[in-house]
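Work through the exercises below with the structure open. Each task is followed by a solution in steps.

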There are 2 protein chains.
Amino acid sequence: MFRTAELQRKLPKEDYHLQVSQLREELLMMQMELRKAPFPVIVVFAGVDGAGKGETVNKLHEWLDSRWLMTRAFGEPSDEERDRPEYWRFWRDLPPKGRIGLFLSSWYSMPILDRVFDRNDLASFDERLERIKTFEQTLADDGALILKFWMHLSKDAQKDRLRKLEKNPLLHWRISKRDWQHWEMYDRFIAAAERTIMKTSTGLAPWKIVEGYDERYRSVAVATAIRDAIRFRLDESKAPALSSNGEKKPTPLDTGGLPTVTILSRLEMEKTLAKDVYDTELKRYQAKLNQLQRTARDKKVSTLLVFEGWDAAGKGGSIRRITAALDARDYQVIQVAAPTDEEAAHNYLWRFWRHLPRAGRVTIYDRSWYGRVLVERIEGFARTREWQRAYAEINDFEAQLVERGIVLLKFWLHITPDEQLRRFQEREQIAYKAWKLTDEDWRNRERWADYELAVNDLVERTSTRQAPWTLVAANDKRHARIEVLRTLCERLESALAGN
Amino acid sequence: MFRTAELQRKLPKEDYHLQVSQLREELLMMQMELRKAPFPVIVVFAGVDGAGKGETVNKLHEWLDSRWLMTRAFGEPSDEERDRPEYWRFWRDLPPKGRIGLFLSSWYSMPILDRVFDRNDLASFDERLERIKTFEQTLADDGALILKFWMHLSKDAQKDRLRKLEKNPLLHWRISKRDWQHWEMYDRFIAAAERTIMKTSTGLAPWKIVEGYDERYRSVAVATAIRDAIRFRLDESKAPALSSNGEKKPTPLDTGGLPTVTILSRLEMEKTLAKDVYDTELKRYQAKLNQLQRTARDKKVSTLLVFEGWDAAGKGGSIRRITAALDARDYQVIQVAAPTDEEAAHNYLWRFWRHLPRAGRVTIYDRSWYGRVLVERIEGFARTREWQRAYAEINDFEAQLVERGIVLLKFWLHITPDEQLRRFQEREQIAYKAWKLTDEDWRNRERWADYELAVNDLVERTSTRQAPWTLVAANDKRHARIEVLRTLCERLESALAGN
C-alpha cells in the first residue's frame, strides 16, 4: 500500500518557490470564501513519526490566515475527559462551519497504538475502526469536508530522519526514547496502518498517502490537496441546485394508505391512581431513588434521562418529582430550546455531547436529540435524508453512552388529544400557567396524526435493548409520575446490581 | 452577628401552605419576566452544615421552572481546573442573562475552609476576600443581580440537626465524619464566617443571614427574598430612564484643551532593519523561542500574548513569525471578532476566561479584552462608566493570570497614519490582500486622534510591572517582528530562570 510513498520524491527549491507564491494566494482566496460557507473542514494527520506532521501544520499556519484555523492534538485524556465517553473530547473540539480544524492526533491515535502494542486484539481493533467510520459518516453526512493525510516514511527513511533530528540542536528534543521504540515496532505499525486505511477510507472521508521524505514536497502536496478539495466543494455548492430530488415537506406524512394504528394507540390510557395511593407511592419511590442515586454517585454511575411527549403532557411535573428526591449537587436539567448560534454552527448532536455530565451525576434532558426526528421532520426543518439517517446516528450516540456505563432512560409521555385540549383550556384560565401556552402549541395540535406516526417510527427504530423507550400513559398525572419514578428506580437498581 | 438567627423561628404548617401557593405563583410570573431581562441572577448559598442549603435549592427547583435554573457546586478541582487560575471554573459556570444560577458551594467555600483549618493566615484570608469582592463587583457592575444567603444554626441546633439526620435512614448518608469534625470547629468556623460576611457584604452583593432551624421557615424566607430582589430589579428597569446622566458618545475625546502628546508620539518611528540582519536575527530568535517553549512546556508555564494595534500594523505577520517557531500542538491563536450570542449573554470578560489554555501552552490573542477600552469606548458601544471601570477589571483579570504563573505579554503595534494609508492602498492593489480591507478600516482612520488618546490611557492604566505593555514601532515590519520576538524571548527566559 505504501510502495508509492517510498520514492524519495523531492521538490527542487526553485520549483517550490514558484509554486508556493501562487498556492498561498489561492489558499487565502479559498479560505476567505470558506468563511461564509455552510460547512466545516476537518483535516486529520496521521502517519509515521518523523514524517513531518507537525511541520506541515506549522506550514499551513504560515500559508493560511491562522485566525480561521484551529489546531488540536489529543494526549492522555484529562480526568474530565475520562469521565465521559471516548468521543466527547473529539466532539467538543470540532470546528464550526466556515473554519478549518487541523487534527495532529485524533480519533485514530489510540486505536492504532493500542493495536501496535497489543493492548487490543484484532476484533476490538476492527470495532474501533467501525466506530470511527460511523463518526466520520455522521459529520460528512452533515456536510463536513473531511480530509485525511497519512504521512509516510519507509523504515530506512524514518531511521535517517530520526538520526538527523537527533543531531539538530534545535530539533533533537523532538526525538525521545519512545520514538526509537516506535521505530522498532515499524512493521507492526505499518500493518495496523494498512488495516486502518483500508477500513476507513470511504468516499466521504478518503485517506491520502503523502510521502514525508522531503519537506518541500510534502508541504506542497498537502496544501494543494486541501486547496483542491475545498475549492471543489465551494464550486459544487455554487452550482445550480439539482432538479427536484423528491424532497418535499411531508405534509401529512405518507402512511401508504394504511390505517394508522401506532404503538401509542396500544397504551391503556384510562389508568389512574388514587390520591392516597399516589402520596404513599411517591414518598416510597423518592426515598428509594435518593438511596439509589447515593450509591450511583459513589460508584460513579451516571444517569441520563430523556423526556419527550406532547405539549402539556406533564414532562415538567414528572421531572420535578425526580429532582425533589435528589441532592441538588447531583443533577442538571437541560432545557432544549432553539440552538444558540454556536450550536447552530455545528452538527445537531454537538450540543448534546457538549452537556454530557461527569461521572456519577444525573442529567435530565427536557426534550432532546429526538427533536431531529420529531419536530424537525414534521416541520420540514430537516431534509428527508437528514432525519432518515438520524435514527442510526442517534443509536450510535446512545450506544456510546451506554458503553461508558451511563444508565439511559427515555420517556414518551402520552396524552390523548381531548386531554390535551382540556389542559390547554385550563392553562388559559390560570394566570401563572398562561405563559406556558403559545400559538405554536395550538398549531402543533393540528399535526397530531403526523406526530403520532413520527413517534411510532422513533420507537420502532431507536428502542434498543440497552436504551429502550418507556411509553407512559399520562392522562392521569399521578399515574404517569409514579410510572416514571418506578421505571427509573428499577433501571437504576438493576444497573447498580451488576456493578 | 448571628444572634438574630438563633431564635428557633418556625413557620406553622397552615401559614406555610397559605403563603406558598401565592409565593409560587409570583415566583413563576417573575421568572417568566426575567427570561427576557438583560441581566443574570446569581444566588450564593453558604453557611453551617446541616442548615438546609441543599434542601432549599431543591425546594427552589420545585417552586420555580427548573428549565431556567442552573445549579452548581464545586468540589475538589479537576485537573483541567487546577491548570488554570482559581476563578476559571467559576467564570465558566456563570448563568447567562435571563437565568438564575444557584451556587451551592462557590468562591467562598475554599477560602473559609482554608481559614478554619489554618491553611491560610489572616492576611491571605483577607486577600482572598478582596478577590471575591472584586469578582462580585465586576459582575454586579455589569448588571448581574447577586444574592447571598448565609444559612445559620447555633452550635446546639447544629448538633441536634446532625443527630436527627443520622437517625433518618433516608438522610443519614448526608452526615459524614467530616461533618462532625466541622462541628468540633464550630467556633473557628463562625469566626471565619463573621469576617467573611463583614468584609464581603457590599451594597451590590449583600449577605442575608437566614435561620436554618425550621425547613418551612427557611424555604419561605429564601424564596421570598429572591422574589422581592428580582421583582425590584425588574420594576426598576421598567421605570422611565433617568434624565440625562451626562453620558454621550465621546466624539471626539475630551482632551481638556491640552495638546495631545501621547505616549505613542515618543516612539522612534524611523527605526528599520536591513534584510540580511533581519534574516539572521529571525532565525536566531525563532530557534531560541523554540527551545524556550520546550522548557516552558516541561515546566508547565503558559504564555499568553496579546496583540493590539492599528489596522494594517502587521499583527498577523508578527504572530506568524512566532507560531512558525512553535510546535503546532502547543499554541492557539484566538481571533477576537464580534461575540457569539452565548458570549454576548455574559460579562465581556467571560469569553476570554473561557479560552484560557491548560498549563504549558501558548495562547495568542489577536485583539483582546482591550477592545472594551478601545473600540467600545470610542464607538460608544460601552457606556462611560462601563469602559472606565474596565481598567480595574482588566488589571484584576491579568493579576490572576500572572499569579497562576502565566507569562503575559501585551504588544501595541504602532504605525503612523501615512504608513497606514500606504499599506491600505497597497492592499487595494493586491487581489489576495484586498479582502482584508473594509469600509470600517477607512472609517477608523478618521478617529485616529481618539484612538491615540485611548491608547495613551490604556498604557497609563494597565501597564503594570507584572504585565507591562510593549509599544512597538512598526513602520518597518522587519524591525517590529524582531522586536516582538526579542521581547518574547527575554520575558520567557527570565520567567523560566525564576522557575
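**Exercise 1. Two packed helices**

Task: In this predicted model, determine how the axes of helix 11 and helix 21 of chain A are placed relative to each other, and which residues make the contact.

Solution.
- Step 1. Helix 11 covers residues 275–298 of chain A and helix 21 covers residues 477–497. Their axes come within 9 Å and cross at roughly 30°.
- Step 2. Angles under 35 degrees count as roughly parallel. Helix 11 and helix 21 of chain A are therefore roughly parallel to each other.
- Step 3. The crossing of helix 11 past helix 21 in chain A is left-handed.
- Step 4. From helix 11 of chain A, the contact uses Tyr278(A), Glu281(A), Leu282(A), Tyr285(A), Gln286(A), Lys288(A), Leu289(A), Leu292(A), Thr295(A) and Ala296(A). From helix 21 of chain A, the contributors include Arg478(A), Ile482(A), Leu485(A), Cys489(A) and Leu496(A).
- Step 5. Sorted by class, this contact holds 12 nonpolar, 2 polar and 5 charged residues.

**Exercise 2. One residue in helix 1**

Task: Locate Gln19(A) and decide whether Gln19(A) is buried, partly exposed or exposed.

Solution.
- Step 1. Gln19(A) lies in helix 1 of chain A, residues 13–34.
- Step 2. A residue is buried with 20 or more other C-beta atoms within 10 Å, and exposed with 12 or fewer. Gln19(A) has 15 C-beta neighbours inside 10 Å, so Gln19(A) counts as partly exposed.
- Step 3. Thr224(A) is 205 residues away from Gln19(A) along the chain, yet their C-alpha atoms are separated by 9.9 Å.

**Exercise 3. The two copies**

Task: Work out how chain B is related to chain A, and which parts of chain B touch chain A.

Solution.
- Step 1. A turn of 180° with a shift of 0.0 Å along the axis lays chain B on chain A with an RMSD of 0.0 Å. The two copies are thus related as by a two-fold rotation axis.
- Step 2. Each chain puts 38 residues into the contact. On the side of chain B, two or more residues come from each of helix 1, helix 2, helix 3, helix 11, helix 12, strand 7 and helix 13.
- Step 3. Helix 2 of chain B gives the most to this side, with 5 residues.
- Step 4. By class, the side of chain B that touches chain A has 15 nonpolar, 11 polar and 12 charged residues.
- Step 5. Of the interface residues of chain B, 100% are also interface residues in chain A, so the copies meet through the same surface.

**Exercise 4. Positive phi in chain B**

Task: For Asp118(B) and Arg367(B), give phi, place in the chain and exposure.

Solution.
- Step 1. Most residues other than glycine have a negative phi.
- Step 2. Asp118(B), not a glycine, has a positive phi of about 65°. Asp118(B) sits in the loop between helix 5 and helix 6 of chain B. With 9 other C-beta atoms within 10 Å, Asp118(B) is exposed.
- Step 3. For Arg367(B), phi is near 70°, again a positive value in a residue other than glycine. The loop that holds Arg367(B) runs between strand 8 and helix 15 of chain B. Arg367(B) has 18 other C-beta atoms within 10 Å and is partly exposed.

Methods:
Residues are numbered from 1 along each chain as its sequence is written. Chains are lettered from A and ligands numbered from 1 in the order in which they are written. This is a predicted model: local features need pLDDT of at least 70, side-chain atom pairs count only at pLDDT 80 or more; totals for chains, interfaces and linings use all residues. Axes are lines fitted to C-alpha atoms, for helices over the stretch in contact, and angles run from 0 to 180 degrees between N-to-C directions. Helices (H or I, at least four residues) and strands (E, at least two) are DSSP runs, numbered from the N terminus. Angles under 35 degrees count as roughly parallel, over 145 as roughly antiparallel, 65 to 115 as roughly perpendicular and the rest as oblique. A crossing is left-handed if the near helix is turned anticlockwise from the far one by less than a right angle, and right-handed if clockwise. Two residues are in contact if their C-beta atoms, placed from the backbone, lie within 7 Å. Ala, Val, Leu, Ile, Met, Phe, Trp, Tyr, Cys and Pro count as nonpolar, Asp, Glu, Lys and Arg as charged, and the others, Gly among them, as polar. Copies are superposed by least squares on the C-alpha atoms of residues with pLDDT of at least 70 in both.
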